Amino acid sequence: MTAVRHGHDTSAPSRANGVAAAVTDLTKVYGDGDTRVLALDRVTMAFREGEFTAIMGPSGCGKSTLMHCAAGLDTFDSGSVRIGTTELGKLTDRQLTQLRRDRIGFIFQAFNLLPTLTALENITLPMDIAGRKPDRRWLERVVAMVGLADRLNHRPAQLSGGQQQRVAVARALASRPAIVFGDEPTGNLDSRAGAEVLGFLRDSVRELGQTVVMVTHDPVAAGYADRVVFLADGRQVDEMTGPTPQRVMDRMKALDTQATGVHARTR
Ligand code: ADP
Ligand code: MG
């Protein structure tokens, strides 16, 4: 294996027309027979570089499944997922693991930090496992941005929920990934800590050019994004650019009315 120096991954494919990631005709089925669930039904969407997208929709509509498939954390039944120019379906398990580690950041609702490691050790863990040296200046920027400079030697138990999620945000950004996915990253935080984390995610897009995709059910959280994609029953049903909490709430109501007005759908 060739060593990667100075944090630059020379194996990373070149840009794909400003698209950081894309899913095409993505279909995911859970179970079979009576328990068969069509979680994603030919979903097609692209995430542009430097764009902050929120994914919304009723519980069970496939948001988490979409995140997990797009991030290479779960398999899918048909269609394709691209990160940059790399097709996930064509990778071996080992290549997929490597791509996930090097080019994708993930923030979960539960912070998923290792309790025995300090904040800094948690942030650099994925790179340490990969044997990659963090880009110090980048790391300092990320740590400063999320306001953790004076908490780096604390362990998760010594940090508030909001601070722990800031560690998780820094961990996701540390390797300078092509894209960061968040599945309800503010779901376990009070509104103030949530607003901080959302502000940092937005800053990572504005100041660092990061691409971010976030699942949320909160119109206020969606208001931080550049664009909102609405899912229902495993399909994209709407899209909004320049969302405000009020516009998002109005659209959710309208979609809800539409959905309840429709008779049992056949697939
Ligand atoms: P959301 O995140 O929007 O709430 P999910 O992506 O978690 O929705 O789930 C989409 C659909 O797939 C739901 O009907 C859910 O019950 C089903 N589902 C999710 N995960 C599994 C699983 N591991 N096994 C079986 N069904 C699942
Ligand atoms: Mg979910």
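1. Helix α6 and the strands beneath. Helix α6 lies across β3, β6 and β8. Relative to β8, helix α6 runs at about 155°. The model is predicted, and every value here is to be read in that light. Helix α6 spans residues 191-206 and includes R192. R192 is exposed, with a relative accessible area of 66%.

2. The six-stranded sheet. The strands that α6 lies across include β3 and β8. Both belong to an open sheet of six strands, ordered β6-β7-β8-β3-β9-β10. Its pairing is mixed. The edge strands are β6 (104-107) and β10, each of which pairs on one side only. On average, neighbouring strands are turned by 20° against each other, direction ignored.

3. The β3-β8 pair. Strand β3 covers residues 52-56, and strand β8 covers residues 212-215. They pair in the parallel sense. Four bridges make up the pairing. F52 stands opposite V212 in β8.

4. Helix α5 on the six-stranded sheet. Helix α5 lies across β6 and β7, the latter being residues 179-183. The angle to β6 is about 170°. Strand β6 is thus a shared contact, because α6 lies across β6 and α5 does too.

5. The α3-α5 packing. Helix α3 (residues 119-130) packs against helix α5 (residues 161-174). Their axes are 8 Å apart, at an angle of about 30°. An angle under 35 degrees counts as roughly parallel, so α3 and α5 fall in that class. The crossing of α3 past α5 is right-handed. On the α3 side, the contact is made by A119, N122, I123, P126 and M127. On the α5 side, V167, A170, R171 and A174 take part.

6. A distance check. P126 is one of the α3 contact residues. How far apart are the C-alpha atoms of R192 and P126? They are separated by 28 Å. Along the chain, the two residues are 66 residues apart.

7. The four-stranded sheet. A further open sheet has four strands, in the order β2-β1-β4-β5. Here the pairing is antiparallel. The edge strands are β2 (37-48) and β5 (86-87), each pairing on one side only. Strand β1 (residues 19-30) pairs with β2 over eight bridges, in the antiparallel sense. Within this pair, V29 has L38 of β2 as its bridge partner.

8. Helix α1 on this sheet. Helix α1 (residues 63-70) lies across β1, β2 and β4 (78-83). It runs at about 120° to β1.

9. Salt bridges, first case. The structure holds 11 salt bridges. One of them joins K28 and D74, with the closest N and O atoms 3.4 Å apart. K28 sits in strand β1, and D74 sits in the loop between α1 and β4. The two are 46 residues apart, so this pair links distant parts of the chain. Are the partners buried or exposed? K28 is buried, at a relative accessible area of 6%. D74 is partly exposed, at 25%.

10. A bridge between β10 and β2. R235 and D41 meet through their side chains in a salt bridge of 2.7 Å, N to O. R235 lies in strand β10 (residues 235-241) and D41 in strand β2, so the pair ties together parts 194 residues apart in sequence. Strand β2 is an edge strand of the four-stranded sheet, and β10 is an edge strand of the six-stranded one. D41 counts as buried, at 7% relative accessibility. R235 counts as partly exposed, at 32%. R42 joins D41 and R235 in a network of salt bridges.

11. A bridge between α8 and β10. R251 forms a salt bridge with D238, the closest N and O atoms being 3.0 Å apart. R251 is in helix α8 (residues 245-261), and D238 is in strand β10. The separation along the chain is 13 residues. R251 is partly exposed, with a relative accessible area of 22%. D238 is partly exposed as well, also at 22%.

Terms used: Residues are numbered from 1 along each chain as its sequence is written. Chains are lettered from A and ligands numbered from 1 in the order in which they are written. This is a predicted model: local features need pLDDT of at least 70, side-chain atom pairs count only at pLDDT 80 or more; totals for chains, interfaces and linings use all residues. Side-chain values use heavy atoms; hydrogens and water are left out. Two strands pair if DSSP finds at least two bridges between them. Contact means heavy atoms within 4.5 Å. Axes are lines fitted to C-alpha atoms, for helices over the stretch in contact, and angles run from 0 to 180 degrees between N-to-C directions. A salt bridge is a side-chain nitrogen of Lys or Arg within 4 Å of a carboxyl oxygen of Asp or Glu. Buried means under 20% relative accessible area, exposed over 50%, partly exposed in between (1.4 Å probe, protein chains only). Angles under 35 degrees count as roughly parallel, over 145 as roughly antiparallel, 65 to 115 as roughly perpendicular and the rest as oblique. A crossing is left-handed if the near helix is turned anticlockwise from the far one by less than a right angle, and right-handed if clockwise.
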